[in-house]
Amino acid sequence: MTYPLRVIAVSGGLQRPSKSAVLAEHLLDLIAHEVPCQKRLIEIGELAPQLAGAVWRSQLPDRVQQALAAVEQADVLVVATPVFRGSYTGLFKHFFDFIDQDALVDKPVLLAATGGSERHALVIDHQLRPLFSFFQTRTLPLGVYATDKDFVDYGLQDKALIARARLAVQRALPLIELSRQSCATQVKPLLAA
């Protein structure tokens, strides 16, 4: 019996429409094409008014609490953020500041970012990878970086970027499969009880 993975994407984009959200959804769709999963996109921009003023997790409204719980309970994460002043957005980091530091241990995480030019492509390795190393995740080998020229009317159009996204997911599949097997192993005893 195959159990669907919970694949959660978090987009750090603060505007709507968001290129980061489009990229995150594209990656979610590629994963869903390969493995049975329940997918969900969390957009920080939608949570921003309720997230920005909180200092403690207990101050957050239910909607934000539910989004945090979804990330903590995910089997696989896709994270995408626009580059803002050489890094991820502040609210993206603020959101992850509320995640329990042990909740993401060993979870596969596919890293992605969007920016105005290629000059910011290292944000994946210099900003995102260290953040998710703190959480002891298994950041996947290939990140996906897109620039403004890769989109037309908020749709992915660049063939090289689309191929890179497909390759990133293909290279991620062995770790995603391990996560799926782990999920099935944990669910079997629950079904037998």
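Strand 1, helix 1 and strand 2 together form a right-handed β-α-β unit. The model in which this unit appears is a predicted one, and the unit offers a convenient place to begin. Strand 1 covers residues 5–11, and strand 2 covers residues 37–43. These two strands run parallel and are joined by seven bridges. One of the pairings can be located by name: R6 has Q38 in strand 2 as its bridge partner.

Between the two strands, the chain passes through helix 1, which spans residues 19–34. The loop that leads from strand 1 into helix 1 contains P17. The peptide bond from R16 to P17 is cis, with omega near 0°. Further along, helix 1 includes A32. Is A32 buried, exposed or partly exposed? A32 has a relative accessible area of 31%, and buried means under 20% while exposed means over 50%, so A32 is partly exposed. When neighbours within four places in sequence are left aside, A32 is in contact with C37 and K39. The C-alpha atom of A32 also lies 8.5 Å from that of V7, although 25 residues separate A32 and V7 along the chain.

The path now turns to strand 3, which consists of residues 76–82. Strand 1 and strand 3 run parallel and are joined by five bridges. Within this pairing, V10 stands opposite V79 of strand 3. Strand 3 is also joined to strand 4 by six bridges, and strand 3 and strand 4 likewise run parallel. Here L77 stands opposite V109 in strand 4. To pass from strand 3 to strand 4, the chain crosses through helix 4, and this β-α-β crossover is right-handed.

How many of the seven residues of strand 3 are buried? Seven of the seven are, so strand 3 is largely enclosed by the rest of the structure. The arrangement of its residues follows a general pattern. In a regular strand, side chains alternate between the two faces of the sheet. In strand 3, V76, V78, A80 and P82 lie on one side, while L77, V79 and T81 lie on the other. The residues on both sides are buried, and both faces of strand 3 are therefore covered.

Helix 4, the helix of the crossover from strand 3 to strand 4, comprises residues 90–97. Its buried residues are L91, F92, H94, F95 and F96. The elements that cover these buried residues include strand 1, helix 2, helix 3, strand 3 and helix 5. After helix 4, the chain enters a loop that leads to strand 4 and contains D106. D106 has a positive phi of about 70°, although D106 is not a glycine. With a relative accessible area of 43%, D106 is partly exposed.

Strand 4 spans residues 108–115 and includes A113. A113 has a relative accessible area of 0% and is buried. Which residues surround A113, if those up to four places away in sequence are not counted? A113 touches L23, T81, V83, V123, I124, L128, V144, Y145 and A146. By contrast, P174 lies 23 Å from A113, C-alpha to C-alpha, and the two are 61 residues apart in sequence.

Helix 5 covers residues 123–134, and R129 belongs to it. R129 is buried, because its relative accessible area is 17% and the cut-off for burial is under 20%. Apart from neighbours within four places in sequence, R129 is in contact with L111, I124, T139, L140, P141 and G143. The loop between helix 5 and strand 5 holds Q136. Like D106, Q136 has a positive phi without being a glycine; the value for Q136 is near 60°. Q136 counts as partly exposed, at 45% relative accessibility.

The final feature to consider is the largest pocket, whose volume is about 310 Å³. Of the 16 residues that line this pocket, Q15, K19, S20, P82 and T114 are the closest to its centre. Helix 1 and strand 4 each contribute at least two residues to the lining. The lining is made up of six nonpolar, eight polar and two charged residues. P82, among the residues closest to the centre of the pocket, is also one of the buried residues of strand 3.

Conventions. Residues are numbered from 1 along each chain as its sequence is written. This is a predicted model: local features need pLDDT of at least 70, side-chain atom pairs count only at pLDDT 80 or more; totals for chains, interfaces and linings use all residues. Side-chain values use heavy atoms; hydrogens and water are left out. On a 1 Å grid over the protein atoms alone, a cavity is a set of points where a 1.4 Å probe fits but cannot get out, and a pocket is an open set with protein on both sides within 12 Å along at least five of seven lines; lining residues have an atom within 4 Å of a point. Grid points are joined across faces, edges and corners, and a volume is the space filled by probe spheres set on the points. Helices (H or I, at least four residues) and strands (E, at least two) are DSSP runs, numbered from the N terminus. Ala, Val, Leu, Ile, Met, Phe, Trp, Tyr, Cys and Pro count as nonpolar, Asp, Glu, Lys and Arg as charged, and the others, Gly among them, as polar. Buried means under 20% relative accessible area, exposed over 50%, partly exposed in between (1.4 Å probe, protein chains only). Contact means heavy atoms within 4.5 Å. Two strands pair if DSSP finds at least two bridges between them. A crossover is right-handed if, with the strands pointing away from the viewer, the path from the first strand over the helix to the second runs clockwise.
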